[in-house]
Amino acid sequence: MSTPKIKSIVEEMVQPYLLEHGFELVDVEYVKEGSNWFLRVFVDKDGGIDLDDCSMISEFLSQKLDENDPVTDAYFLEVSSPGAERPLKKAQDVAKAVGKNVFVTTYEPISGLKEFEGKLVSFENDELTVQIGNKTYTLPYAKVAGARLAIIF
């Protein structure tokens, strides 16, 4: 089965459980590293998640995966927080990050740059406004290759 199909099936399996328990599904990865496959599920909730949360979700998902068996390869299941520099995968993730520090990459240069690290001032009309120092950059969301929260020292 293809990686996108596995990700989709896992998302469908876990999403109702997460919503019922107050969690947010941030991302699902199914990747091969060396000779091993990893199925990683990144979750979050207001106030962050802890080891007990990860264990509870992992037990639920492990049981569901055993019942439905969508993955034919041997793999390691990992359930974790997306971390302090969590990815902003969807438009709603970007909207929730307004006022926070972000790192954004674009498919093509905008004002001569393809990387922007600063404060996300706004996200309106499918445009991100990022302030870096005393300069402000407007980035069309369609040109964003990747975005994540950033810790700026």
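Start your tour at Gly 133, which has a positive phi near 65° and sits in the hairpin of β6 and β7, where 2 residues lie between the strands. Keep in mind as you click around that this is a predicted model.

**The hairpin around Gly 133**

Now select residues 127-132 for β6 and residues 135-140 for β7; the two strands pair in the antiparallel sense over 6 bridges. Which residue of β7 stands opposite Thr 129? Click on Thr 138 and you have found that partner in β7.

**Back along the sequence to β5**

From β6, move to strand β5, residues 113-124. β5 and β6 are antiparallel as well, with 5 bridges in their pairing. Pick Glu 124 and you will see Glu 127 of β6 opposite. The hairpin of β5 and β6 again has 2 residues between its strands, and Asn 125 takes a positive phi near 50° there.

**On to β4**

Next, highlight residues 101-110, which form strand β4. How many bridges join β4 to β5? There are 6, and the two strands run antiparallel. To view one facing pair, select Val 102 together with Gly 118, which stands opposite in β5. The turn is worth a stop too: in the hairpin of β4 and β5, with 2 residues between the strands, Ser 111 has a positive phi near 55°.

**Across to β8**

β4 has another neighbour to visit, β8, and the two pair in the antiparallel sense over 5 bridges. Select Thr 106 and then Val 144, its bridge partner in β8.

**Zoom out: the sheet of 5 strands**

Colour these strands together and you get an open sheet of 5 strands, in the order β7-β6-β5-β4-β8, with antiparallel pairing. Which strands lie at the edges? They are β7 and β8 (144-149), each of which pairs on one side only. Turn the view to follow the twist, which averages 40° from one strand to the next. As background, strands of a sheet pair through backbone hydrogen bonds, either parallel or antiparallel.

**The sheet of 3 strands**

Now hide that sheet and bring up another open one, made of 3 strands in the order β1-β2-β3, with mixed pairing. Its edge strands are β1 (24-33) and β3 (75-80), each pairing on one side only. Here the twist averages 15° from one strand to the next.

Select residues 36-44 to light up β2, which pairs with β1 in the antiparallel sense over 9 bridges. For a closer look, show Tyr 30 and its bridge partner in β2, Leu 39.

Stay in this region and display the side chains of Phe 38 and Arg 40. Where does Arg 40 lie? Arg 40 is over the face of Phe 38, at 4.6 Å from the ring centre. If you enjoy rings, switch on the other aromatic side chains as well: the structure holds 5 aromatic pairs.

**The largest pocket**

Turn on a surface and centre on Glu 24, Asp 44, Arg 86, Lys 96 and Lys 100, which lie nearest the centre of the largest pocket among its 13 lining residues. The space in this pocket comes to about 210 Å³. What classes of residue make up the lining? Colour by class to find 8 charged, 3 nonpolar and 2 polar residues.

**The whole chain**

Finish by showing the full protein chain as a cartoon, where you can pick out 3 helices and 8 strands. Follow the cartoon along the sequence and you will trace the pattern α-β-β-α-β-α-β-β-β-β-β. Fit everything in the window: along its principal axes, the C-alpha trace of the chain spans about 55 × 30 × 30 Å.

Methods: Residues are numbered from 1 along each chain as its sequence is written. This is a predicted model: local features need pLDDT of at least 70, side-chain atom pairs count only at pLDDT 80 or more; totals for chains, interfaces and linings use all residues. Side-chain values use heavy atoms; hydrogens and water are left out. Rings of Phe, Tyr and Trp (its six-membered ring) pair if their centres lie within 6.5 Å; planes under 30 degrees apart count as stacked, over 60 as edge-to-face and the rest as tilted. A charge sits over a ring if NZ of Lys or CZ of Arg is within 6 Å of the ring centre and within 35 degrees of the ring normal. Two strands pair if DSSP finds at least two bridges between them. Helices (H or I, at least four residues) and strands (E, at least two) are DSSP runs, numbered from the N terminus. Axes are lines fitted to C-alpha atoms, for helices over the stretch in contact, and angles run from 0 to 180 degrees between N-to-C directions. On a 1 Å grid over the protein atoms alone, a cavity is a set of points where a 1.4 Å probe fits but cannot get out, and a pocket is an open set with protein on both sides within 12 Å along at least five of seven lines; lining residues have an atom within 4 Å of a point. Grid points are joined across faces, edges and corners, and a volume is the space filled by probe spheres set on the points. Ala, Val, Leu, Ile, Met, Phe, Trp, Tyr, Cys and Pro count as nonpolar, Asp, Glu, Lys and Arg as charged, and the others, Gly among them, as polar.
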